[in-house]
Amino acid sequence: MGTKQRRLRPSASSRWIACPGSVKLAEVAPREQYSEAAAIGTAIHALAETCHKLETDPMEFVGQVIEEITMTEDHCHAALEHLRQIWDIENHAEKLFIEQGVLYTSKEFIVVKGTADVAAYSMKLGKVWIADLKTGKGFVSENSDQLKIYALGFINGMNREWIKEVELRIVQPFHGEARKYTMTMTELAEWEDTVLRPAMIATQLDEPPLYVTDAGCQWCPAKLICPKQQQQFDLVAKQTDITTMD
């Protein structure tokens, strides 16, 4: 295993869990430009956070500029939907955090860190909540690797014995109402040991494995320089074109 740890991000976890080698390959891939869609997402998150602090209605900001983005009615509505989930969780939680930095360290001392949109807990109820706002058009499952890592990072260092249930929420206005996925702490710990930790270890190998998968390849920044992808292209190119056969 190399001496310098490769950076693991929760937001890319579906990719590196499916294809551990994508992390190393992405380090030498051309850097992606910051897109307008990403800028809009940042602005919507900022609006929701501001309105939560000031207890104001996001719809009042239609036409105003937030983070260099002119907010449309759809943008403000997305912020409002996110706020509604925050308010709902607040009604049950003892502690709630917005834009909470989380850090998970495996037993092998491999680190993955990021920022959870919403993280909360209630020791009385034995429950942890993680909520994430997605403003893009690509569907994201409420049972996502990213949210599970956020949950593990949020409780990192806590005594887990009081946690009975973990609720994951995806707020994705483009795909309708917010969605929830609930799992026990035992189920989350099993996923941690059987899925997450093996993938984290594999990403740090000198020659981490590369796999061609839908989850791993769709948004991979190293797709164009991936030798496994090239092998797939070569196989297709070698196939006989049946349209030219007599």
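**Entry 1: strand β6**

I began with strand β6 and found that six of its seven residues are buried, so this strand is largely enclosed by the rest of the structure. I note here that the model is a predicted one. I then looked up the partners of β6. With β5 the pairing is parallel and extends over seven bridges; in this pair, I find D132 opposite I170 of β6. With β7 the strand, which covers residues 165–171, runs antiparallel and is joined by six bridges. I recorded one bridge of that pair, in which E165 has T184 in β7 as its partner.

**Entry 2: the sheet**

I next traced the sheet as a whole. It is open, holds five strands in the order β3-β4-β5-β6-β7, and its pairing is mixed. Why is one side of β3 and of β7 left without a neighbour in the sheet? I find that β3 (95–105) and β7 (179–184) stand at the edges, and each has a single partner strand. From one strand to the next, I note a twist that averages 35 degrees.

**Entry 3: helices on the sheet**

I then asked which helices pack on the sheet. Helix α4, residues 73–90, does so and touches β3, β4 (111–122), β5 (127–133), β6 and β7. I noted that its direction makes about 165 degrees with the direction of β6. Helix α6, residues 185–203, also packs on the sheet, where it touches β3, β4, β6 and β7. For α6 I recorded an angle of about 95 degrees with the direction of β7.

**Entry 4: helix α5**

I looked up the burial of helix α5, residues 145–154. Ten of its ten residues are buried, so I describe the helix as largely enclosed by the rest of the structure. The buried residues in α5 include the charged D145 and K148. Among the others on my list are Q146, I149, Y150 and F154.

**Entry 5: loop residues**

I turned to backbone angles in the loops. E55 is not a glycine, yet its phi is positive, at about 55 degrees. I placed E55 in the loop between α3 (36–54) and β1 (65–66). Is E55 buried or exposed? With a relative accessible area of 72%, E55 is exposed.

E67 is another residue other than glycine with a positive phi, here near 50 degrees. I located E67 in the loop between β1 and β2 (69–70).

I also examined N91, which lies in the loop between α4 and β3. Its relative accessibility is 64%, and I count N91 as exposed because the threshold is over 50%. From N91 to Q64, 27 residues away along the chain, I read a C-alpha separation of 30 Å.

**Entry 6: the chain as a whole**

Last, I collected the overall values. I count eight helices and seven strands in the protein chain. Its C-alpha atoms fill a box of roughly 70 × 45 × 35 Å along the principal axes. Of its 246 residues, 43% count as buried. I noted that 64% of the contacts between residues at least 6 apart in sequence join residues at least 24 apart. The accessible surface comes to about 14100 Å², and carbon and sulfur atoms account for 51% of this area. For the charges, I recorded 26 positive and 35 negative, with mean positions 6 Å apart.

Key. Residues are numbered from 1 along each chain as its sequence is written. This is a predicted model: local features need pLDDT of at least 70, side-chain atom pairs count only at pLDDT 80 or more; totals for chains, interfaces and linings use all residues. Side-chain values use heavy atoms; hydrogens and water are left out. Helices (H or I, at least four residues) and strands (E, at least two) are DSSP runs, numbered from the N terminus. Buried means under 20% relative accessible area, exposed over 50%, partly exposed in between (1.4 Å probe, protein chains only). Contact means heavy atoms within 4.5 Å. Accessible areas come from the Shrake-Rupley method with a 1.4 Å probe; for residues, only the protein chains shown count as cover. The place of a charge is taken as NZ of Lys, CZ of Arg, CG of Asp or CD of Glu. Two strands pair if DSSP finds at least two bridges between them. Axes are lines fitted to C-alpha atoms, for helices over the stretch in contact, and angles run from 0 to 180 degrees between N-to-C directions.
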